[in-house]
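Open the model in your viewer and keep the selection tool at hand. Two stops follow: a ligand and a helix.

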Amino acid sequence: MTGLRTDGSVPSQRPPAGAADPAETAPAGAGRPEAHHWPVDHLPALDFDPLLHRLLREEPVARIRMRHGEGEAWLVTAYDHVKEVAADPRFSRALTVGRAVTSMTPHTVAPAGGIGRTDPPDHTRLRRLVSEAFGRKRVAALRAEAEETAAGLVARMIAQGPPADLTRALTGPMPERLLGTLLGVPAADFGRIQRWRTVILSSDRSRQEGDDVKAEIAAYVRELAAHRARRPGDDLFSDLVAAQAAGALSLPELVSLTVMVVLNTLDQVLNQAATMVYTLLTHPAELERLRAEPALLPGAVEELLRFVPQRNGVGMPRIATEDLDIGGVRIRSGEAVYVSYLAADRDPRVFPDPDRLDLARGGAPHLAFGHGAHYCLGAAVARMECEVILATLLRELPGMRLAVAPQDVRWRRGSVNRGPEELPVAW
Ligand code: HEM
């Protein structure tokens, strides 16, 4: 823990001369607010970040500084402003490459040239290559496999008897199997891929460790691509390898795109689905409601996506390419801007009583998968997997409960994404 005041606010010191990006050290203009130091501590269970909670209400466009990187950035938290920034092409992701924007991790999680750090036309081209694979048609075809996989994994849990760690029994292996189908990754390789995932998505490993592991995973993907070029299969990865051979994307783009899909598939669903189960098991009235009315499930998944704090801190910044106003605040060309989808999803101006879980809430769509051009490519797959996991558990283990007291569940620390380390359940 660092010296965060209880309201989450610690006014920052300005960076030493020459340490920061030129745009960040420009003299403060009139009305430019002082930066909040945001240590991004690793919060347990469903605790919501206190600084996000406060800024959303008091300063929806604020200046922040995190532990790593240089200088300061803007942080936008209100729902409408977040959507405005995420949809505005005057903000660039490509301009973040090579810039040490203030950040929660010592290394940049997303690779340079990766889909998250490109602008049109490169971004549009890369998205087109993969979006069909993650579109409704492919996801509908995957659903049957997901249902069979979940049923098989839960049957094994039942055969082995309680208690079980749900992350090892179901929410971890399920995305692995689907990734195997999507990319044709051999099951024997998952051990090392999972190790790379842990390091890359950690927020407390050194930059060197992050870089070493990124080099290892890139070499692995290049090798897999060479193998698939010789023996193509009927999977997304083979399609991408063929597209690369035809000149539609470069080898580094193929590598970074694949790494992004691998990491997201393995980490996001594991954490999200396990935290959804924890949320339901610790909100018994809502769980009862869902058990009594299973038709609520698709809406319940949306509400859980809104409610569950999936990550620590914020994702990737954007750089303003011209002077503009957001929420009446002047943002200058060259300045870095973060949006918090997490905060937007708790905006009381959009979601009445936002900190309450209400499985029948409806209303405005959540922003858990982002918004605008960089909207999550895996949203349909992730939704489907979470829904299948919850449906299978509700049906097969109607008496499921936590096997330990809620406060004894251990939560991941030092990682970008939040989720339980283990989720012991009984039935
Ligand atoms: C519940 C699970 C998931 C959540 C909450 C989630 C959330 C997000 C968010 C917030 C973004 C960033 C939006 C932005 O940059 O503005 C994103 C981007 C992305 N996600 Fe997901 N994601 C999930 C699962 C997945 C899965 C399973 C995949 C696998 C294909 C995936 C692939 C991607 C990719 C490739 C991008 C970058 C898109 C771009 O920059 O154009 N995600 N996701």
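The tour starts at the ligand and ends at a helix. Keep in mind that this is a predicted model.

**Stop 1: the ligand shell**

Select the ligand and the 23 residues around it. Which of them come nearest? They are H123, R127, Y341, H374 and C376. By class, the shell divides into 11 nonpolar, nine polar and three charged residues.

**Stop 2: polar side chains at the ligand**

Show side chains and pick out the ligand's oxygen atoms. Start with Y341: one of its polar side-chain atoms is 2.5 Å from a ligand oxygen. Go on to H123, where a side-chain N or O atom sits 2.7 Å from an oxygen of the ligand. Then take R318, with a polar side-chain atom 3.1 Å from a ligand oxygen. Now colour by element of secondary structure. Helix 4 (122–131) and helix 11 (251–281) are the elements that each give two or more residues to the shell. Helix 11 contributes the most, with six residues.

**Stop 3: helix 12**

Select residues 284–292, which form helix 12. Which of its residues are buried? Pick E286, L287 and L290. Those three lie on the same side of helix 12, because they cover an arc of only 100° around the axis. In general, an α-helix has 3.6 residues a turn, so residues three or four places apart point the same way. Turn to the other side of helix 12: P284, A285 and A292 are exposed there.

Finally, show what covers the buried residues of helix 12. The cover includes helix 11, helix 13 (297–307) and helix 15 (379–396). Helix 11 is also the element that gives the most to the ligand shell.

Methods
Residues are numbered from 1 along each chain as its sequence is written. This is a predicted model: local features need pLDDT of at least 70, side-chain atom pairs count only at pLDDT 80 or more; totals for chains, interfaces and linings use all residues. Side-chain values use heavy atoms; hydrogens and water are left out. A residue is near a molecule or strand if one of its heavy atoms lies within 4 Å of it. A polar contact is a pair of N or O atoms within 3.5 Å; within protein, one must be able to donate a hydrogen and the other to accept it, and residues adjacent in sequence count only if both atoms are side-chain atoms. Helices (H or I, at least four residues) and strands (E, at least two) are DSSP runs, numbered from the N terminus. Ala, Val, Leu, Ile, Met, Phe, Trp, Tyr, Cys and Pro count as nonpolar, Asp, Glu, Lys and Arg as charged, and the others, Gly among them, as polar. Buried means under 20% relative accessible area, exposed over 50%, partly exposed in between (1.4 Å probe, protein chains only). The arc is that of the directions from the helix axis to the C-beta atoms. Contact means heavy atoms within 4.5 Å.
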